[in-house]
Amino acid sequence: SVNTTASVSHPIGAVVRVELGGFYYDVRDLITRNGLNALNVYQNVGKVRMAGFETVVEVTPLPGLSFRADYTYVDARDESDGRATDDVTNVPAHKAGFLAQYTVPGPGTVLDLDALYLGSMYSSLPSPPYPKDPVKEVDGYFLLGARVTQEVVKGIRLHVAVRNLLDADYESEAGFPGQGRTFAVGAAATF
């Protein structure tokens, strides 16, 4: 496989940073999940080309307040000899993310709000050994999360988080529902 990436990052004034990158992946012998039949779940795809770009914008308008937005576009193509389709499973064309973070002055409590959008993707495609397999596509989805982090003593931080805040129904893979709203508590130590 040959992977090529190039990116540039540039500040705009004191509060904005913009990053733009491009990539080209020439993947040989990609092992991917395809289909719902137990006999053809994992398949080897001889040659896959993935090309795209990624952009990030970070804004820090005030001390302790920051915003980050990112977007990635991927054009994935099966270029194998004898392929049944040009499409590739489990590679969304669109992915976007957002993070807002605020540190409360005084106690230093960190408040995070994050969002993720993942576009639709194929979960099953016809293949040379199974040319009559149906095309199945997983719908895109949007997830929202929140987290509160507090340093309780020097070097020890506790956090409480909620994932899938809106309790969205989604599948990241056909037939496998994503987790509903979940709560997490954790700790981190820095030495």
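**Strand pairing, nonpolar cores and salt bridges in a predicted model**

Val153 counts as partly exposed because its relative accessibility is 49%, and this value, like the others reported here, comes from a predicted model. Val153 is found in strand β9, and together with Val152, Ile156 and Leu158 it makes a nonpolar surface patch of about 310 Å². The elements that contribute two or more residues to the nonpolar patch are β9 (residues 141-153) and β10 (residues 156-163).

These two strands, β9 and β10, pair in the antiparallel sense over 7 bridges, and within this pairing Val148 has Val160 of β10 as its bridge partner. The strands β9 and β10 form a hairpin with 2 residues between them, and Gly155 in the turn has a positive phi of about 90°. Strand β10 also pairs with strand β13 (residues 182-189), again in the antiparallel sense, over 8 bridges; here the bridge partner of Arg163 in β13 is Thr182.

As to the interior, the largest nonpolar core comprises 9 residues, namely Phe23, Val27, Leu30, Val45, Val48, Met50, Val74, Ala76 and Val88. At least two residues of this core are supplied by each of β2 (residues 16-33), β3 (residues 42-62) and β4 (residues 65-78). A second, separate core has 5 residues, among them Leu118, Met121, Leu143 and Tyr170. Ala76, a member of the largest core, is in contact with Arg49, Met50, Asp86, Val88 and Val91 when neighbours within four places in sequence are left aside.

Val56 also lies in strand β3. Its relative accessibility is 4%, and Val56 therefore counts as buried, the cut-off for this class being under 20%. Apart from neighbours within four places in sequence, Val56 is in contact with Arg17, Val18, Glu19, Arg68, Ala69 and Asp70. By contrast with these contacts, Gly108 stands 52 residues from Val56 in sequence and 26 Å from Val56 in space, C-alpha to C-alpha.

Charged side chains were considered next. Side chains of opposite charge can pair when their charged atoms come close, and a search of the whole structure finds 11 salt bridges. In one of these, the side chains of Arg28 and Asp26 meet at 3.4 Å, N to O. The two partners fall into separate accessibility classes, because Arg28 is partly exposed with a relative accessible area of 43%, whereas Asp26 is buried with a relative accessible area of 13%.

Glu79 forms a salt bridge with Lys47, in which the closest N and O atoms are 3.8 Å apart. This pair links distant parts of the chain, since Glu79 lies in the loop between β4 and β5 (residues 94-103) and Lys47 in strand β3, 32 residues apart. Glu79 counts as partly exposed at 30% relative accessibility, and Lys47 is likewise partly exposed, with a relative accessible area of 24%.

A further salt bridge joins the side chains of Arg77 and Asp87 at 3.3 Å, N to O. Here, too, distant parts of the chain are linked, with Arg77 in strand β4 and Asp87 in the loop between β4 and β5, 10 residues apart. Arg77 counts as partly exposed at 30% relative accessibility, and Asp87 is partly exposed with a relative accessible area of 22%. The residues of these two pairs, Lys47, Glu79, Arg77 and Asp87, are linked with Arg49 and Asp75 in a network of salt bridges.

Definitions and conventions. Residues are numbered from 1 along each chain as its sequence is written. This is a predicted model: local features need pLDDT of at least 70, side-chain atom pairs count only at pLDDT 80 or more; totals for chains, interfaces and linings use all residues. Side-chain values use heavy atoms; hydrogens and water are left out. Patches are made of residues with over 30% relative accessible area and no salt bridge: like charges are joined within 9 Å, nonpolar side chains (Val, Leu, Ile, Met, Phe, Trp, Tyr) within 5 Å. Accessible areas come from the Shrake-Rupley method with a 1.4 Å probe; for residues, only the protein chains shown count as cover. A salt bridge is a side-chain nitrogen of Lys or Arg within 4 Å of a carboxyl oxygen of Asp or Glu. Helices (H or I, at least four residues) and strands (E, at least two) are DSSP runs, numbered from the N terminus. Buried means under 20% relative accessible area, exposed over 50%, partly exposed in between (1.4 Å probe, protein chains only). A nonpolar core is a set of buried Ala, Val, Leu, Ile, Met, Phe, Trp, Tyr and Cys residues joined through side-chain atoms within 4.5 Å. Contact means heavy atoms within 4.5 Å. Two strands pair if DSSP finds at least two bridges between them.
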